[in-house]
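Colleague: Could you take me closely through the cysteine pairing in this model, and then set beside it what you can say about the nonpolar interior?

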Amino acid sequence: MRLAGARSAFALLALAACAPVHAPLPTAPVAAGDRIAVTAIAVPLNPQDLAQNRIGDFHYAGGLALTSPDTARFHGLSDMEISADGRLSAISDEGDLLSARLSFDSKGRPIGLTDTALTVLSDLDGKPLQGKLEADAEGMTLLANGDRLVSFEQRHRIWLYPAAGGLPRAVPSPETQFPANGGMEALSAVPSLGPDVYVAAGEDSGETWTCRLSDGCVQGPTIAKPAEFGVVAVRPLPGGRMAWLLRAWDPVRGSRNSLQIHGPGGEIARLDMARPLTVDNYEALAAIPRKDGSVRFYLLSDDNFQSSQRTLLLAFDWKPSK
């Protein structure tokens with residue numbers, strides 16, 4: 001998904017003009033291989049105040065800027081899952097699947113990726129996805145049995161990739177008309193509702209649907225949001241709570257994000273990010289409940305294959321007051 005509000009060549013040029021320039025993309029179109037190296041550089045929460053380590057009730061647990069010297073396809077990461085033991089999988093909006101393992105320092109802060117592989121998602125016939133119309137993968141989640149669900153924009157649909165391998169298949173998707181570039185960015189399994197239940201949300205509309213593999217989709221509540229924000233990710237939390245990630249961009253204020261924790265009675269916590277904090281086009285969200293009652297959140301940015309943006313992975317710890 002391109003940045004909200006940056007849906008024209010003019011907007012992309014404005015972004016390049018106002019954003020800091022980072023390391024250039026690899027110039028050679030190296031094909032993605034089974035294994036790639038990933039370089040990780042630590043980033044502060046606030047480059048203008050290196051001592052800042054909190055945003056409200058959210059404690060900053062470290063962050064990384066990620067690049068790969070091995071492939072020109074390590075970009076555009078749009079959703080992810082991270083397990084309690086640090087196994088990471090992510091999809092790109094060019095139809096690639098990233099798998100890796102997070103490594104940590106003695107304080108539990110992420111310090112890098114190892115065992116990293118980048119492969120291509122297949123179509124229903126087992127052939128690699130071709131072209132943006134077919135390969136624009138935006139949402140991803142894992143069901144309890146390990147099957148992977150992926151939602152696509154441009155040609156809006158949800159496919160299931162079996163954990164045991166084999167051909168993907170189409171599964172229930174909301175029966176509605178989405179804008180070409182404003183579809184199902186947010187997708188998550190909800191194990192508390194059943195092993196085959198998943199939630200999807202429209203980026204632009206904020207409308208939500210609860211779906212079952214065996215029984216279609218039913219429309220749910222609409223996420224209240226300012227018009228300039230899009231709903232880009234969702235993850236379930238203990239106690240019937242849900243974490244929603246919203247994203248906005250304009251050429252004056254740049255990227256902004258809002259991580260909102262909703263409970264049965266409404267919003268209970270919020271993490272808002274804007275300049276001068278370390279912001280970029282955060283689209284992916286992972287949430288890992290921990291034994292002490294806290295939750296480790298990860299935010300991952302989609303760099304849009306632009307040298308003026310970065311692939312950033314940030315970690316935050318949050319503990320509900322009750």
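Modeller: Cys 217 is partly exposed, because its relative accessible area is 24%, and in this predicted model its partner in a disulfide is Cys 211, with the two sulfur atoms 2.1 Å apart. Cys 211, by contrast, has a relative accessible area of 1% and is therefore buried, the cut-off for that term being under 20%. The torsion about the S-S bond between Cys 211 and Cys 217 is about 110 degrees, so this disulfide is right-handed. A search of the whole structure finds 1 disulfide.

Turning to the interior, the largest nonpolar core holds 28 residues, and those with the most contacts inside it are Phe 58, Leu 259, Ile 261, Met 273, Phe 297 and Phe 316. At least two residues of this core come from each of several strands, among them β3 (58–67), β18 (254–263), β19 (266–273) and β21 (295–301), while β22 gives the most, with 4 residues. Ile 261 can serve as a viewpoint: leaving aside residues up to four places away in sequence, Ile 261 touches Phe 58 and Phe 297, and its other contacts include Leu 237, Met 242, Ala 243, Ile 268, Ala 269 and Trp 318. The contacts of Ile 261 also take in Arg 241, Gly 266 and Glu 267. Separate from the largest core is a second one of 23 residues, which includes Leu 64, Leu 66, Ala 284 and Leu 313.

Notes:
Residues are numbered from 1 along each chain as its sequence is written. This is a predicted model: local features need pLDDT of at least 70, side-chain atom pairs count only at pLDDT 80 or more; totals for chains, interfaces and linings use all residues. Side-chain values use heavy atoms; hydrogens and water are left out. A nonpolar core is a set of buried Ala, Val, Leu, Ile, Met, Phe, Trp, Tyr and Cys residues joined through side-chain atoms within 4.5 Å. Buried means under 20% relative accessible area, exposed over 50%, partly exposed in between (1.4 Å probe, protein chains only). Contact means heavy atoms within 4.5 Å. A disulfide is a pair of cysteine sulfur atoms within 2.5 Å.
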